[in-house]
Amino acid sequence: MQAAFQYLLFSENLYFNALQTQLSYEQIERIITQGKKWQWVGYVLTPILLLMKFSFFAACLSLGLYFASNRFAFKPFWNFLVQAELIFLLPILIKLLWFLFVQTDYDLDDLTQFYPLSALNLFDADTLPRYWHYPLATLNLFEVAYWFLLAYGVNEVTDLSFWRAFGLVMSSYGLGLLVWVVLVMFLTITYA
């Protein structure tokens with residue numbers, strides 16, 4: 001889905017229009033050429049990063065379960081996380097359809113600052129410090145739905161009631177998500 005997004009929305013003209021005031025034509029061409037040359041790295045890193053994400057959050061849920069009921073269930077949580085992750089294809093699809101059919105005249109900033117149904121849409125992203133973009137984009141309806149899906153999964157794997165499972169998700173996955181968001185904010189501040 002992400003590859004389709006890149007192929008359909010990110011054209012060379014988009015990069016030229018976005019960078020023409022800062023770089024020469026040759027420099028922009030070199031950036032585009034380098035991007036195409038190293039595009040395969042994204043295809044290799046994506047599954048690795050997803051495996052790390054699933055493992056990290058499965059460990060968070062497993063530790064939360066361990067502290068709540070003295071049991072450990074990594075593999076069932078990992079399997080359910082993989083399935084629940086499919087909900088995050090919806091915002092990518094919405095974004096793709098939005099820029100293909102609704103807002104067909106867009107620039108690079110529009111693409112990078114649009115997060116469907118997120119708290120970032122409540123603010124003018126241009127006026128916010130860059131390090132606030134990711135936390136506000138992460139706070140979205142798809143993330144809330146993901147939490148409920150995870151609570152359902154915890155409920156199915158364990159004998160906990162749905163609301164107790166939701167509390168477990170909030171205290172374990174929520175803490176892991178908070179650590180992740182703070183890490184991304186730190187990296188954004190450090191390398192921006």
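This report describes how the helices of one predicted model are arranged and packed.

## Overall architecture

The model is predicted, and its chain contains 10 helices and 0 strands. Read from the N terminus, the order of elements is accordingly α-α-α-α-α-α-α-α-α-α. The C-alpha trace extends over about 60 × 35 × 35 Å along its principal axes.

The chain has 192 residues, of which 34% count as buried. When contacts between residues at least 6 apart in sequence are considered, 56% of them join residues at least 24 apart.

## The two sides of helix α5

Helix α5 covers residues 74-84, and its buried residues are Phe77, Phe80, Leu81 and Ala84. Viewed down the axis of α5, these buried residues fall within an arc of 105 degrees, so they line one face of the helix. On the other side of α5, Lys75 and Gln83 are exposed.

Which helices do the buried residues of α5 pack against? Their partners are α4, residues 39-69, and α9, residues 141-157. The two contacts are described in turn below.

## Helix α5 against helix α4

The axes of α4 and α5 come within 8 Å and cross at roughly 130 degrees. The two helices are therefore oblique to each other, since an angle of this kind lies outside the ranges that count as roughly parallel, antiparallel or perpendicular. Their crossing is right-handed.

On the α4 side, the contact involves Leu51, Phe54, Ser55, Phe57, Ala58, Ala59, Leu61, Ser62 and Leu65. These residues meet Phe74, Phe77, Trp78, Leu81 and Val82 of α5. By class, the contact of α4 with α5 comprises 12 nonpolar residues, 2 polar residues and no charged ones. Two of the α5 residues in this contact, Phe77 and Leu81, also belong to the buried set of that helix.

## Helix α5 against helix α9

Helices α5 and α9 pack at an angle of about 145 degrees, and their axes are 10 Å apart. This crossing is right-handed. From α5, the contact is made by Pro76, Phe77, Phe80, Leu81 and Ala84. From α9, the participants are Tyr146, Leu149, Leu150, Tyr152, Gly153, Val154 and Val157. The residues of the contact of α5 with α9 divide into 11 nonpolar, 1 polar and no charged.

Phe77 and Leu81 of α5 take part in the contact with α9 and also in the contact with α4.

## Helix α4 against helix α10

Helix α4 also packs against α10, which spans residues 162-191; their axes come within 9 Å and cross at roughly 130 degrees. That angle makes α4 oblique to α10. The crossing of these two helices is right-handed.

In α4, the residues concerned are Phe56, Phe57, Cys60, Leu61, Gly64, Leu65 and Ala68. They meet Arg164, Leu168, Val169, Ser172, Tyr173, Gly176 and Leu177 in α10. By class, the contact of α4 with α10 has 10 nonpolar, 3 polar and 1 charged residues. Phe57, Leu61 and Leu65 of α4 appear in this contact and in the contact with α5.

## A buried residue in a loop

Asn140 lies in the loop between α8, residues 133-138, and α9. Is Asn140 buried or exposed? Its relative accessibility is 14%, and the cut-off for a buried residue is under 20%; Asn140 therefore counts as buried. Leaving aside residues up to four places away in sequence, Asn140 touches Pro116, Leu117 and Ser118.

How values were computed
Residues are numbered from 1 along each chain as its sequence is written. This is a predicted model: local features need pLDDT of at least 70, side-chain atom pairs count only at pLDDT 80 or more; totals for chains, interfaces and linings use all residues. Side-chain values use heavy atoms; hydrogens and water are left out. Buried means under 20% relative accessible area, exposed over 50%, partly exposed in between (1.4 Å probe, protein chains only). Helices (H or I, at least four residues) and strands (E, at least two) are DSSP runs, numbered from the N terminus. The arc is that of the directions from the helix axis to the C-beta atoms. Contact means heavy atoms within 4.5 Å. Axes are lines fitted to C-alpha atoms, for helices over the stretch in contact, and angles run from 0 to 180 degrees between N-to-C directions. Angles under 35 degrees count as roughly parallel, over 145 as roughly antiparallel, 65 to 115 as roughly perpendicular and the rest as oblique. A crossing is left-handed if the near helix is turned anticlockwise from the far one by less than a right angle, and right-handed if clockwise. Ala, Val, Leu, Ile, Met, Phe, Trp, Tyr, Cys and Pro count as nonpolar, Asp, Glu, Lys and Arg as charged, and the others, Gly among them, as polar.
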